[in-house]
Amino acid sequence: RPPPRGVMGNRGGKPRRGRPPNPPPLCDSNPSGYDRVAESLHRSGVGCVRVDDDTARVVAKCFGEALRAMPHVSSLAPGDPLAIPPDADSAHASGAHAAGWGSSYNAARE
């Protein structure tokens, strides 16, 4: 059964206490895989999709570029045009954000 539709904003994640959850399943990129991703997102806030080698290389390159920018964006002052305000709705935000901003998922990654 697919999870109900909802809007996830800046405060969409819920902090977890106790034992960490099991890692999400690695889902195939097909309709039944997307159903599993939706279930995982609904259950834990995280979904993983298997991609082909070319896509994996592109994603790795994007993350590499983002990593190179981290020293520059980590020192943005509040109010800087590139800084996402702490109370922004993550569904419509664009720019740089502080570590852990936006959800318990981002906070857990830190």
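**A walk through the model**

Good morning, everyone; of the 110 residues in this protein chain, 14% count as buried, and I should say at once that what you have in front of you is a predicted model.

Let me begin with the overall layout, where the protein chain has three helices and two strands, and if you follow the elements from the N terminus on, you will meet them in the order β-α-β-α-α. When we take the contacts between residues at least 6 apart in sequence, 37% of them join residues at least 24 apart. As for the outside, the accessible surface of the protein chain comes to about 8,900 Å², and carbon and sulfur atoms account for 57% of that surface.

Now please find serine 40, which sits in helix H1, the helix that covers residues 31-44. Is serine 40 buried or exposed? Its relative accessible area is 0%, and because buried means under 20%, serine 40 counts as buried. If we leave aside residues up to four places away in sequence, serine 40 touches Pro24, Pro25, Gly45, Val46 and Gly47.

For a second residue, let us turn to valine 49, which belongs to strand E2, made of residues 48-49. Valine 49 has a relative accessibility of 33%, and since partly exposed means between 20% and 50%, that is the class in which valine 49 falls.

Valine 49 also has a place in a surface feature, for Tyr34, Val49 and Val51 form a nonpolar patch there, and together these residues have about 240 Å² of accessible area.

Conventions. Residues numbered from 1 in each chain as written. Predicted model: local features only at pLDDT ≥ 70, side-chain atom pairs only at ≥ 80, totals over all residues. Heavy atoms only, no water. Helix = DSSP H or I, 4+ residues; strand = E, 2+ residues; numbered from the N terminus. Buried < 20%, exposed > 50% of the residue type's maximum accessible area, 1.4 Å probe, protein only. Contact = heavy atoms within 4.5 Å. Areas by Shrake-Rupley, 256 points an atom, 1.4 Å probe, with all protein chains shown as cover. Patch = residues over 30% accessible without salt bridge, like charges linked within 9 Å, V, L, I, M, F, W, Y side chains within 5 Å. Salt bridge = Lys/Arg side-chain N within 4 Å of Asp/Glu carboxyl O.
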